[in-house]
Amino acid sequence: MTASRRPTELLAPAGSLDMMRTAFAYGADAVYAGQPRYSLRVRNNSFDKLDALAAGIDEAHAAGKGFYLVANIYPHNAKVRTFERDIAPVIGMKPDALIMADPGLMMMVRERWPDMAIHLSVQANTTNYASVRFWQSMGVKRIILSRELSLDEVAEIRDACPEMELEVFVHGALCIAYSGRCLLSGYFNHRDPNQGSCTNSCRWDYKVHAGTETASGDIQTCSSAPAMGNPRDFGTVGTALGGGPRHAEANRTWLLEEGSRPGELMPIEEDEHGTYIMNSRDLRAIEHVQRLVDIGVDSLKIEGRTKSPYYVARTSQGYRRAIDDALAGRPFDLRLLGELEGLANRGYTDGFYQRHHTPEHQNYLRGHSESGRSLLVGEMVGFDSARGLAEVEVKNRFGVGDTLEFVQPDGNFTATCTHMEDADGAALDMVPGSGRRIRLALPAGANPAQPCFVARFV
């Protein structure tokens, strides 16, 4: 394998200035953010104002960090007509690169701003070295490879294209189609994923009903259909990728009913690859960081511009440690699996990186994921130096006697909660949930001048 010619970059999401600052504090080398009109994140994006975007780029550069601007929609004509006008002031702010997918928009940037670096978005679905060479000939600086590649395929592309910068996703939500090309949101809500307004229809609450076919081929509901449980589990029914016999249950007709549309039954259609209307698990590939570093991948990317600062703190901290361990030749720290398990997730998968795990390997990873699991319960928002107490904004329930983890950029600290009090100094045994502020002591070694998230071990 070709050794990396540059230090492996950790690239984190930023939907706001606060999220960007958190990412940098917890170890990210660069962030990516986007203008809502031209990127795939319209909601929860505070960079819709040019002054916020300018402040983010300037602040990142002052800290020696990178800032990439996402403009990766596949636009209809109306957005093409406004693109140059809207992108001109952004390019004037000197982001480190534009992340783009549409060839027409890339051509417009190339013609007017030939020195502007372009990174090819994962939306372009680059899955082979020939495509990488094509985009390289078009002047693209970096390729964000498709999520559907195995580790060996990534290595083959690196060997065939040694001069091209390569980036891969290692953590976050997965689409149930090739990245961003799902039609569910457009079908249900007329909100097109490739225009940045996806409603994540694949993650709604669906019920599964058994059905029968009439002689004419019409599908009818069986009134005596048994309960099927979580529809995600049904995704395992049918054949696996690569062929093989169909499961007996795959010969039956099944119907989906979405929670907010009672009575509207949609048939599940399946071909030799499986079904397509199911929620994917979330990507977590931290155990593959060593191999990706050895391959020479230039940037490891975390998904989640609409997530919380705690999410970006935990993921940046975990993958920073994994990258540093890999570069230093230290073995992978299995505790990182458990630390990421405490984040909100739909169950984890390592995606397509390694197609077949042995049952022993699966159980090994799962056991370490479940141990050391912690959940966010608060965020430090101030510190009373006179009394030596941190002011914590409560996010979730916790109380005296709980084992707490204090998550900071320079390291995490564990302590049992022995005392906490309200704003008036009255002792509390428990706080039931968000919307309150309490005070408690920081453990020895914690730095009151640093950001701090408080988690409870479960």
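## A tour from Tyr-38 outwards

Start by selecting Tyr-38: this residue is buried, with a relative accessible area of 1% (buried means under 20% relative accessible area, exposed over 50% and partly exposed in between, with a 1.4 Å probe and protein chains only). Before moving on, note that this is a predicted model, in which local features need pLDDT of at least 70 and side-chain atom pairs count only at pLDDT 80 or more, while totals for chains, interfaces and linings use all residues. Residues are numbered from 1 along each chain as its sequence is written, and side-chain values use heavy atoms, with hydrogens and water left out.

**Stop 1: Phe-83 and its surroundings**

Now add Phe-83, which is buried with a relative accessible area of 0%. Which residues does Phe-83 contact, leaving aside its neighbours within four places in sequence? Show Tyr-38, Ala-71, Met-100, Leu-105, Met-108 and Val-109; contact here means heavy atoms within 4.5 Å.

**Stop 2: the core**

Phe-83 also takes you into the largest nonpolar core, which has 94 residues; Phe-67, Phe-83, Ile-143, Leu-145 and Val-289 touch the most other members. Such a core is a set of buried Ala, Val, Leu, Ile, Met, Phe, Trp, Tyr and Cys residues joined through side-chain atoms within 4.5 Å. Colour helix α10 (residues 309–328) next, since with eight residues this helix gives the most to the core. Helices (H or I, at least four residues) and strands (E, at least two) are DSSP runs, numbered from the N terminus. Domain 1 (9–178 + 281–365) and domain 3 (374–457) both contribute residues, so the core lies between them; the bounds come from an automatic or database domain assignment. For a second, separate core of 17 residues, pick out members including Leu-404, Ala-446, Cys-452 and Val-454.

**Stop 3: aromatic pairs**

Searching the whole structure gives five aromatic pairs. Rings of Phe, Tyr and Trp (its six-membered ring) pair if their centres lie within 6.5 Å; planes under 30 degrees apart count as stacked, over 60 as edge-to-face and the rest as tilted. Select Tyr-26 and Phe-453 to see a tilted pair, 6.1 Å centre to centre with 50° between the planes. Tyr-26 sits in the loop between α1 (17–25) and β2 (30–34) and Phe-453 in strand β24, 427 residues apart. Both residues are buried. Then return to Tyr-38 and Phe-83: their ring centres are 5.4 Å apart and their planes at 75°, so this pair is edge-to-face. Tyr-38 is in the loop between β2 and α2 (50–62) and Phe-83 in helix α3 (residues 77–92), so the pair ties together parts that are 45 residues apart in sequence. Add Tyr-310 to Tyr-26 and Phe-453, and you have one aromatic cluster.

**Stop 4: strand β18**

Show residues 403–408, strand β18. Five of its six residues are buried, so the strand is largely enclosed by the rest of the structure. Which strands pair with β18? Strand β19 (residues 411–416) runs antiparallel to β18, joined by six bridges, and a hairpin connects the two through two residues. Strands pair if DSSP finds at least two bridges between them. Look for Val-407, whose bridge partner in β19 is Asn-412. Strand β24 (residues 453–457) also pairs with β18 in the antiparallel sense, over four bridges; here Glu-405 has Ala-455 as its bridge partner.

**Zooming out**

Finally, show the whole protein, with its 12 helices and 24 strands. Of its 458 residues, 50% count as buried.
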